[in-house]
Amino acid sequence: MKTEFREVLIIGAGAAGLNCALHLPGREDVLVVCKGGLKESDSFLAQGGICVLHDENDAESYFEDTMRAGHYENDPDTVRCMIRHSRETIDELIAFGVRFAREENGELAYTREGAHSRPRIVFHADCTGKEITSHLLRAALGRTNIELRPDTTMVDLLFSAEGDCVGAALRDNRSGEITLVYAGNTVLATGGVGGLFPHSTNYRILTGDGVGAALAHGVAADHLDYVQFHPTTLYSRGRGRRFLISESVRGEGAQLINAAGERFVDELLPRDVVTAAIRAQMKREGSDFVRLDLRTVRGGQQTLERHFPGIVRRCRKEGYDVLNEPIPVVPAQHYFMGGVRSDLSGRTSAPHLYAVGETCCNGVHGKNRLASNSLLEALIFARRAAEDIAAGGRAKGTAQWNYTKKEVAAFLKERKKLVTRETHHESE
């Protein structure tokens with residue numbers, strides 16, 4: 001067993017983990033580890049785009065859209081913080097080299113997704129997450145103070161006798177060797193829980209590691225049952241991760257239809273409402289899927305090939321020609337709104353332990369996430385966590401977690417069942 005000492009340990013190399021590392025001072029010795037490869041994060045899979053405050057007149061409607069989608073269980077202060085910092089976040093991504101779509105006059109192009117009252121989502125074709133995260137990864141690889149270590153699993157968090165988080169025990173997936181990494185501050189950015197579900201858009205390696213480890217040590221967590229299902233993933237009888245059909249497709253005019261070719265729901269309602277309508281329709285028909293007609297997209301073939309080339313290619317690979325026929329779609333687990341309780345600076349209830357991205361629950365999403373808010377939320381609060389660490393902040397909260405021992409035991413049991421059997425990696 002080896003021992004290492006770092007100033008900051010970040011567990012997870014998606015958009016949140018990378019952005020946190022990039023905003024730490026160059027004098028900080030930072031180790032970023034991830035369970036799979038450096039590109040095996042859900043951040044790379046995000047298709048639709050990233051939200052941004054369109055203009056000052058949009059502030060209240062953006063706020064209301066987010067709150068309404070979250071069933072008003074969101075934390076208003078967290079939502080306003082995210083909206084307030086959205087434009088500077090987009091500007092920073094552009095400075096990193098991210099190539100968002102532009103109108104002919106050079107201005108940013110905006111699209112609309114479900115539950116948004118207006119277009120306020122910037123994008124790069126239908127692979128926005130890959131465009132953003134690959135540039136963050138490239139920047140991190142160029143920093144001499146940041147070490148990136150893939151194929152490394154967090155076995156457990158380490159705590160002092162006083163209850164401070166002092167690092168984590170890590171396992172090399174190839175050799176099996178355990179390393180105890182002691183760190184001044186530890187950041188959980190381990191993503192969501194999709195690997196716990198048979199049908200999910202997530203990578204199978206995302207099994208709630210950060211939340212599970214935090215719960216095992218009594219760190220506060222919230223809303224473990226708040227799991228979002230995406231209404232439209234490409235139907236398949238095969239095993240493994242489901243291919244997402246971006247909500248932007250519906251924002252651009254694609255229609256959900258039944259076996260008779262009839263629309264049965266407003267496609268731009270919040271995701272949980274659309275998912276419920278699809279399941280009800282499937283039950284009425286006795287079918288395993290409904291259909292999504294992309295032929296109604298505004299601009300037709302030109303829009304599909306320009307804005308959604310990846311979707312067109314994948315559907316063609318699966319034997320569907322979106323230009324001439326509807327495609328079969330089904331809801332699948334997509335996003336985890338619950339997680340380790342954190343504040344506006346990513347602080348948890350444990351000193352020196354931060355949580356950012358899908359691993360955390362800071363209240364911004366409420367009971368149901370508004371489309372394309374996830375990348376924005378992850379980037380903003382990861383940066384705020386880095387700034388708090390740089391300022392010498394001591395990550396500490398006040399309230400203890402309020403789940404019963406039975407509920408926590410059930411969560412940990414499901415994780416153990418999955419992570420103790422063979423987990424296979426998948427690629428597009």
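## Exercises: salt bridges and a nonpolar core

**Exercise 1.** Which parts of the chain does the salt bridge between Arg80 and Glu60 tie together?

*Solution.* Start with the contact itself: in this predicted model, the side chains of Arg80 and Glu60 form a salt bridge, 3.2 Å from N to O. Next, place each partner. Arg80 belongs to helix α3 (residues 76–84) and Glu60 to helix α2 (residues 59–69), so the pair ties together parts 20 residues apart in sequence. Finally, look at accessibility. Arg80 has a relative accessible area of 36% and is partly exposed; Glu60, at 49%, is also partly exposed.

**Exercise 2.** Find where Arg6 and Glu147 lie, and decide whether each is buried or partly exposed.

*Solution.* First, the side chains of Arg6 and Glu147 meet in a salt bridge of 2.5 Å, N to O. Arg6 sits in strand β1 (residues 2–11) and Glu147 in strand β5 (residues 146–149), so this pair ties together parts 141 residues apart in sequence. Now use the cut-off: buried means under 20% relative accessible area. Arg6 has 14%, so Arg6 counts as buried. Glu147 has 28% and is partly exposed. One step further, both residues belong to a network of salt bridges that links Glu4, Arg6, Asp29, Glu147 and Arg149.

**Exercise 3.** How many residues does the largest nonpolar core have, and which helix gives the most to it?

*Solution.* The largest nonpolar core has 57 residues. Helix α11 (residues 374–390) gives the most, with 10 residues. Now zoom in on Ile10, one of the residues with the most contacts inside this core. Beyond its neighbours within four places in sequence, Ile10 is in contact with residues including Leu24, Val32 and Val187.

Technical notes
Residues numbered from 1 in each chain as written. Predicted model: local features only at pLDDT ≥ 70, side-chain atom pairs only at ≥ 80, totals over all residues. Heavy atoms only, no water. Core = buried A, V, L, I, M, F, W, Y, C linked by side-chain atoms within 4.5 Å. Buried < 20%, exposed > 50% of the residue type's maximum accessible area, 1.4 Å probe, protein only. Helix = DSSP H or I, 4+ residues; strand = E, 2+ residues; numbered from the N terminus. Contact = heavy atoms within 4.5 Å. Salt bridge = Lys/Arg side-chain N within 4 Å of Asp/Glu carboxyl O.
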